[in-house]
Structure formats: structure tokens, C-alpha cells
Amino acid sequence: FASRRLTRTLMDLVAASLEIAQGNFEVKVNAKSRDEVGLLAGTFNHMTSDVLRLLTELRQANRELENYSKNLERMVAERTAEIQEKNRLLDAILNSLGQGFFIIGPEGRCAPVYSKACVALLGGPPADLPITEVLKVKPEEAENFDFWVKNLFEEPIPFESLIELGVAEFNPGGQKFITLEY
């Protein structure tokens, strides 16, 4: 009797293991006995319950991830449209001023952001050009000007104090007189 009972529980465990291998994690083994085999069956049932819980959580996380993935493309498109609209607005404001406006990077080159007035005032677009070339800084003054630009970004002294040391006016080609503001 004991042998059959032991064998039956072990066969139930084998059958349940095969069910789990097939993907059925809801299978349970009868764990009535209080011996080692009953303990094994109880542990097996606890393990399958944990696996089923984790599998359910994983499926839910997977659904959420798929949903996010589907919506991500839409969210990126919406954000891109917002940024493009803000860029158009900024461009309109920038170009309605009638003043030349451009940005200098820490390496002393002009950024690709500039107003249309710059093209007329400077004789061409300043994008990606050295600031000394754009402002037609004399070769003998270029080194000092580059040093000044470098210090603008490193800020060894306050920006307001450095502005006073920068070029305030220039006359490119003797045809125009341009005042610079920083």
C-alpha cells in the first residue's frame, strides 16, 4: 500500500512535470501525505504557483511594453511636430527683428542658427565659419579675439566684465558700420 501510494504521487509529479513542459502551469499534484514525497509534492505545487504568478506578471509587462511600443511612434511624431512648430515660431520671431543675430560656439565658430538679416549685413551666412572670419577681424587681432571667445565660455571672470573687452563695432570692407551686442 505504501509503495503504491509513493509510486502514485511520484507518477503524479512526473505527469505534472510533463504538463508544465507543455506550458500548463496551473497543474497541481495531490499532496496529502506528510512524508518526504508529500513535502516534495507541496513544494512542487508552491513552485508552479510562483511560476504561474511570475508568468502572469511577465505577460502583463509584455502587453504594456507592446502598447508603449505602438504608442511611442505616435508620441515621437507628436513631439517632433511640437518642436518643428516652435522652431518655425522662433524662426519667424528671429527674422522679423530686422537685426543680425547669430550664435557663437565655444570653439569660436558660428552655429547654424542665424537671422536672415545676417546674410545681408555680413555678406553671407555665418554658419560654421570662424567668428574672426565673419567679423573680418584683422589678422593681428585674431589671436586676442579667439582668446576672448575662449574665455567667454570658460568664464574665468563674469560674462558682463568680458563683454566690455570684446569687439563692439566693425566696418567690413569699409561699406558698412556694424555695432555688436552680446
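Helices (H or I, at least four residues) and strands (E, at least two) are DSSP runs, numbered from the N terminus. The model is predicted, with residues numbered from 1 along each chain as its sequence is written, and local features need pLDDT of at least 70, while side-chain atom pairs count only at pLDDT 80 or more and totals for chains, interfaces and linings use all residues. Side-chain values use heavy atoms, with hydrogens and water left out.

**Exercise 1. Find what joins arginine 74 to glutamate 78, and state how exposed each residue is.**

Step 1. Place the pair: arginine 74 and glutamate 78 are both part of helix 2 (residues 36-96). They are four residues apart, about one turn of the helix.

Step 2. Apply the salt-bridge rule: a side-chain nitrogen of Lys or Arg must lie within 4 Å of a carboxyl oxygen of Asp or Glu. The N to O distance here is 2.9 Å, and the two side chains form a salt bridge. Side chains of opposite charge can pair when their charged atoms come close.

Step 3. Classify the exposure. Buried means under 20% relative accessible area, exposed over 50%, and partly exposed in between (1.4 Å probe, protein chains only). Arginine 74 has 41% relative accessibility, so it is partly exposed. Glutamate 78 also comes to 41% and is partly exposed.

**Exercise 2. Work out the spacing of arginine 79 and glutamate 82 and how they pair.**

Step 1. The two residues are three apart in helix 2, which means about one helical turn separates them.

Step 2. The closest N and O atoms of arginine 79 and glutamate 82 are 3.0 Å apart, and the pair is a salt bridge.

Step 3. Relative accessible area is 44% for arginine 79, which is partly exposed. Glutamate 82, at 39%, is partly exposed.

**Exercise 3. In helix 5, describe the pairing of lysine 150 and the surroundings of asparagine 151.**

Step 1. Helix 5 covers residues 139-154 and holds lysine 150 and glutamate 154, four residues apart, or about one turn. Their side chains meet in a salt bridge at 3.9 Å, N to O. By the salt-bridge rule the count comes to five.

Step 2. Lysine 150 is partly exposed at 41% relative accessible area. Asparagine 151, also in helix 5, has 11% relative accessibility and is therefore buried.

Step 3. The asparagine 151 side chain reaches the backbone oxygen of phenylalanine 147 at 2.8 Å.

Step 4. Contact means heavy atoms within 4.5 Å. With neighbours within four places in sequence left aside, asparagine 151 is in contact with Pro156 and Leu162.

Methods
A polar contact is a pair of N or O atoms within 3.5 Å; within protein, one must be able to donate a hydrogen and the other to accept it, and residues adjacent in sequence count only if both atoms are side-chain atoms.
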